[in-house]
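Work through the exercises below with the sequence and the coordinates open beside you. Each one sets a task and then takes the solution step by step.

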Amino acid sequence: MTALRRAHGLLGTPGLIGAAILTAVVGVAVYGFLLPEGAGHARVGTPYAPPGPGLPLGADDLGRDLFEQLVVGAGTSLSLGFLVAVATTVIAAVVGGAAGIGPRWMSATIMRGIDIMLILPELILFILAAAFLGQAFGIRVAILALILWPVPARVLRAAVLTAWSRGHLEVARAMGAPRWWLLVRHGSYLIGPLLIPVFVRTAMRAILYDATLSFLGLGDPTTPSWGTTLYWVQSNGVFLSEAWLWWALPPGAAITLTVLGLALIGIAVEERLNPALKEANSS
Amino acid sequence: MVQTETPAPTERGRRSYGRYTAGRLAQYAAVLFIALTLNFALPRALPGGPLKLFGSPEALAQLTAEERAQIANQYGFGQPLHEQFFTYLGNVFSLDLGMSLSQRRPVMEVLGEALPWTLLLVGTSIVITALLGVTLGVIGALRRRKGKGSGLLGGAIVFDSLPQFWLGMLLIVLFSVQLRMLPTFGAVGPDGVVTIGAVAQHLVLPVTTLTLTGFGYLFLYTRSSLLTVLTSEPVQHAHARGVPYRQIVRRHALRPALLPVHTIIMMEIGFLAAGSIVVETVFAYPGLGRLTFNAISARDYPLMQGAFLVLTVMVVVMNAVADATYPLLDPRARAGGAR
């Protein structure tokens, strides 16, 4: 009970709800990893079977278990979101840090580059790159990380600049410490916590974009995922029949819940880091 | 930033405005160049070269001699890379994007038919999203202590998490299949007759999908921007002078709070244009997005590249239009101070 209260004090009600949702999705994903090989894309029932014993959510047009697709999809989505978020946060921290403390020409070049990247629509780039370079899991992660870094890099650069003007850093700088060492030794406790919301938001966007890509038929055909299930919904016109209840509703709700859980955690962490924001939100 | 030539001694404000515009133009030129380079490089980055694009050896063997010649001409096989690039640029600027492999017509012709529909869909969505997001954001900031404000905040966060394609499907299930109020597919009536009523009816659900998934970010940004201004010193000073609250909001808070929102609206343009690919697919709307999807399914790479290029140009042009209006709103940008 005290643990719950402490968590509540740390994250607030929305953050706690988010954490609960995410924990549930992680639990489902772990269960999915324990399922035997081929779960969700082996033919187990009759095509278009409605929900019944052994098939909690029925089967799709090829007789594949929709419940298994849902469970395995949780693992696919979460691991992709996690990997993209790690890669993007690292790129954003390095680029944002360089733009914050590097020489002026470097900073100017990076910022203009970011401005240009921000005009190009992310999703369109992602679709084009995936269409040409392939749909394997690793390739999708790499493309997403290369497309998603500019916004977080800009956020982190602003954070570096704010930290840079703090008194103790100015003192240390006056003593002649090298810039990178200063940033890591004296600035990281100010900037480090900001990596959490950056990480969470990137994971959110990666999961949504990847689902969209799979929905457009550019997903990895060998792994079940929520977006791919919805691709078959679309190409079979499922929402014109009553099958949409067990076929279209669960994967979409799963995407929404996962992204919502991450969003709530992100907001909670941001408020925790920036009490002024919380005051503005509640007072 | 591109440094312009030393300007003729004119009015100071006018000169800086010119430099601001020149800088932005250079930026858009860079965006277009990158889009063109990506379009050029991606097919060549394929392991196995561009001919791999045309599928299996059997599919390749089925191509007619004319099509082979066209492909070879378009991709400039055998030439050095930089010459291929110049050939490519020359083709693009003479509006020759090759032949669509699935439709067996010039890509440009196919795109020309689809573009007006996408402009209609995305344009309508931008206007409604901007109005809705900003209005609700202002309400959310002013009513933050009350139920209405927190309800809006929760709603915005939930809508922000919905995948566009899934929301579109749910709207079809609810309004077209269950309630039979609105049409499911396409852009015009069943007999292909274009009437304003039919076009508007077919626009309702796609625009709703784009707006509902797009307004959340704008709402959150407007809300926090206005909240920041409301706690700023000039506004507190106005409070102390006894200016009525309504007047404070209208005269002292709204304008400075809404200026940065302008930038977010420009980012929404890209989001909505990309969203058109998804939404047009769900609603079988005959625009560029649907065309992109069909091109992906048919592995029709020339058409895919053309659609990508036109969508990007559309986003850049819309951004430039929105950008050109910014100095009219913000006197600091006219004076060259806002970077």
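A residue is called buried when its relative accessible area is under 20%, exposed when over 50%, and partly exposed in between (1.4 Å probe, protein chains only). The model is predicted, and local features need pLDDT of at least 70, side-chain atom pairs count only at pLDDT 80 or more, and totals for chains, interfaces and linings use all residues. Residues are numbered from 1 along each chain as its sequence is written, chains are lettered from A and ligands numbered from 1 in the order in which they are written, and side-chain values use heavy atoms, with hydrogens and water left out.

**Exercise 1. Describe the build of chain A.**

Step one is the secondary structure, where helices (H or I, at least four residues) and strands (E, at least two) are DSSP runs, numbered from the N terminus. Chain A contains 13 helices and 0 strands.

Step two is extent and burial: the C-alpha trace of chain A spans about 75 × 50 × 35 Å along its principal axes, and 51% of the 283 residues of chain A count as buried.

Step three concerns contacts, meaning heavy atoms within 4.5 Å. When the residues compared in chain A are at least 6 apart in sequence, 69% of the contacts join residues at least 24 apart.

Step four is the surface, with accessible areas from the Shrake-Rupley method with a 1.4 Å probe; for residues, only the protein chains shown count as cover. Chain A exposes about 12,700 Å², and carbon and sulfur atoms supply 70% of that area.

Step five is charge, for which Lys and Arg count as positive and Asp and Glu as negative, while His and the chain ends are not counted. Each charge is placed at NZ of Lys, CZ of Arg, CG of Asp or CD of Glu. In chain A, the mean positions of the 17 positive and 14 negative charges lie 17 Å apart.

**Exercise 2. Give the corresponding description of chain B.**

Chain B, too, is made up of 13 helices and 0 strands, and 47% of its 339 residues count as buried. Among contacts in chain B between residues at least 6 apart in sequence, 73% join residues at least 24 apart. The accessible surface of chain B comes to about 16,400 Å², with 64% of it belonging to carbon and sulfur atoms.

**Exercise 3. Which parts of chain A does the salt bridge between Glu122(A) and Arg205(A) link?**

Begin with the criterion: a salt bridge is a side-chain nitrogen of Lys or Arg within 4 Å of a carboxyl oxygen of Asp or Glu. By this rule there are 6 salt bridges over all chains.

In the bridge between Glu122(A) and Arg205(A), the closest N and O atoms are 2.9 Å apart. Glu122(A) sits in helix H4 (residues 122-133) and Arg205(A) in helix H9 (residues 195-218) of chain A, so that the pair links distant parts of the chain, 83 residues apart. Glu122(A) is buried, at a relative accessible area of 17%, whereas Arg205(A) is partly exposed at 24%.

Next, compare Glu270(A), which forms a salt bridge with Arg201(A) at 3.3 Å between the closest N and O atoms. Because Glu270(A) belongs to helix H12 (residues 249-273) and Arg201(A) to helix H9 of chain A, this pair ties together parts that are 69 residues apart in sequence. Glu270(A) is partly exposed at 26% relative accessibility, and Arg201(A) is partly exposed at 34%.

**Exercise 4. Locate Ser77(A) and decide whether it is buried or exposed.**

Ser77(A) lies in helix H2 (residues 66-101) of chain A. Its relative accessibility is 8%, so Ser77(A) counts as buried. Leaving aside neighbours within four places in sequence, Ser77(A) is in contact with Ile207(A) and Trp226(A).

**Exercise 5. Examine the charged side chains of chain B.**

Start with the network of salt bridges that links Arg105(B), Glu109(B) and Glu113(B). Within it, the closest N and O atoms of Arg105(B) and Glu113(B) are 3.0 Å apart. Arg105(B) is partly exposed at 23% relative accessibility, and Glu113(B) is partly exposed at 46%.

Then turn to patches, which are made of residues with over 30% relative accessible area and no salt bridge, like charges being joined within 9 Å and nonpolar side chains (Val, Leu, Ile, Met, Phe, Trp, Tyr) within 5 Å. Arg143(B), Arg145(B), Lys146(B), Lys148(B), Arg246(B) and Arg250(B) form a positive surface patch. Of these, Lys146(B) is found in the loop between helix H5 (107-142) and helix H6 (147-161) of chain B, and Lys146(B) is partly exposed at 48% relative accessibility.
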